[in-house]
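Student: Could we go through one residue and the strand just before it, checking each label against its cut-off?

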Amino acid sequence: MTSSPLVTVFGSLHYDIAVFGPARPRKGETVAGTSWHPKFGGKGGNQAVSAARRGVPTSMIGAVADDDFGRFLISNLHRRHVDHTFVRRDASQSTGMSVAIFDAEGDYGAVIVSGSNLTLGHQDVEAAGELLGRTTILVLQNEIPDAANIAAAKAIKLAGGRVLINAAPARALSNELQPLIDIIVVNAIEAETLAGVPVVETLGGALEAARALVRIFPEVVVTAGGAGVAYANSEGSEIVIEGLKIKVESTHGAGDEFIGVLAAELAVGTAMKNALARANEAAAKLVATKETDRD
């Protein structure tokens, strides 16, 4: 591995359709919306864009179909200065997509259809071997198969890089993947799934969850929404950072912004406390920005 910082994101790309209305529909209910627009998305894609925005060289390994959705996603990666050399075109599936419905308060619910993201695996790791050999921080999520994450994490560990996983959406991590993880980032729901104990979405609750999970993972970051973020590592260090007071416009993408900035800062050697503070600040700034005003 070279000394030059490089973030590589191995993960999901989704064509997002954002729908806006006064409220999210209940079961069997139809709500009249006010507007909609297409968005670049997928946890992997969003995190790669976030890292690249910090000025750190960033590459994306992923899969899209040769369709309009896929071309839209590739175009956006290019425009946002993310290397997409290893975003594979897959003819067997449609491009991953999601529909997110936003209410008047900026909260949302979403449905994703993974499509081509589920084809990611060993072949993509092998194709990107040279890239992974130069990678400082590999970013993973739970929107692609566990076997794909394992293959990528093994390659990075052999090359001397670090593995950061955003264990979202919530699911159990395999016994094969867990020992390969250097840093895990979760919210309260995901922490509860992994720790097996109730987690309160407060700063104190986040720290307790980090203390529980550090028995399994070397470094743990637990986000607590607007309350802030807590960190613990296996050497006994702990960090607590309070949330910034902002007016919430939309919570969509806040977690991905946090992950991308954190990975970029760690890749260039920023101390964990400062990296967490900058990621926390970037996520708060995004939450305070209306969906329609975001790049």
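Tutor: Gladly. N142 sits in the loop between strand 8 (137-141) and helix 5 (146-159). Keep in mind that this is a predicted model.

Student: Why is N142 called buried?

Tutor: Its relative accessibility is 5%, and buried means under 20%, so N142 counts as buried.

Student: What makes the pair formed by the side chain of N142 and the backbone oxygen of P169 a polar contact?

Tutor: A polar atom of the N142 side chain lies 3.0 Å from that backbone oxygen of P169. The cut-off is a pair of N or O atoms within 3.5 Å, so the distance fits.

Student: Which residues is N142 in contact with, leaving aside neighbours within four places in sequence?

Tutor: Among them are N149, I165, N166 and R171; contact here means heavy atoms within 4.5 Å.

Student: How do you know that both faces of strand 8 are covered?

Tutor: In a regular strand, side chains alternate between the two faces of the sheet. On one side of strand 8, I137, V139 and Q141 are buried, and on the other L138 and L140 are buried too. That agrees with the count for strand 8: five of its five residues are buried.

Student: Why do we say that strand 8 pairs with strand 9?

Tutor: Pairing needs at least two bridges, and strands 8 and 9 (residues 162-166) have five, in the parallel sense, so they pair. V139 stands opposite L164 in strand 9. Strand 1 (residues 7-10) also pairs with strand 8 in the parallel sense, over three bridges, and V7 has I137 as its bridge partner.

Note on methods. Residues are numbered from 1 along each chain as its sequence is written. This is a predicted model: local features need pLDDT of at least 70, side-chain atom pairs count only at pLDDT 80 or more; totals for chains, interfaces and linings use all residues. Side-chain values use heavy atoms; hydrogens and water are left out. Helices (H or I, at least four residues) and strands (E, at least two) are DSSP runs, numbered from the N terminus. Buried means under 20% relative accessible area, exposed over 50%, partly exposed in between (1.4 Å probe, protein chains only). A polar contact is a pair of N or O atoms within 3.5 Å; within protein, one must be able to donate a hydrogen and the other to accept it, and residues adjacent in sequence count only if both atoms are side-chain atoms.
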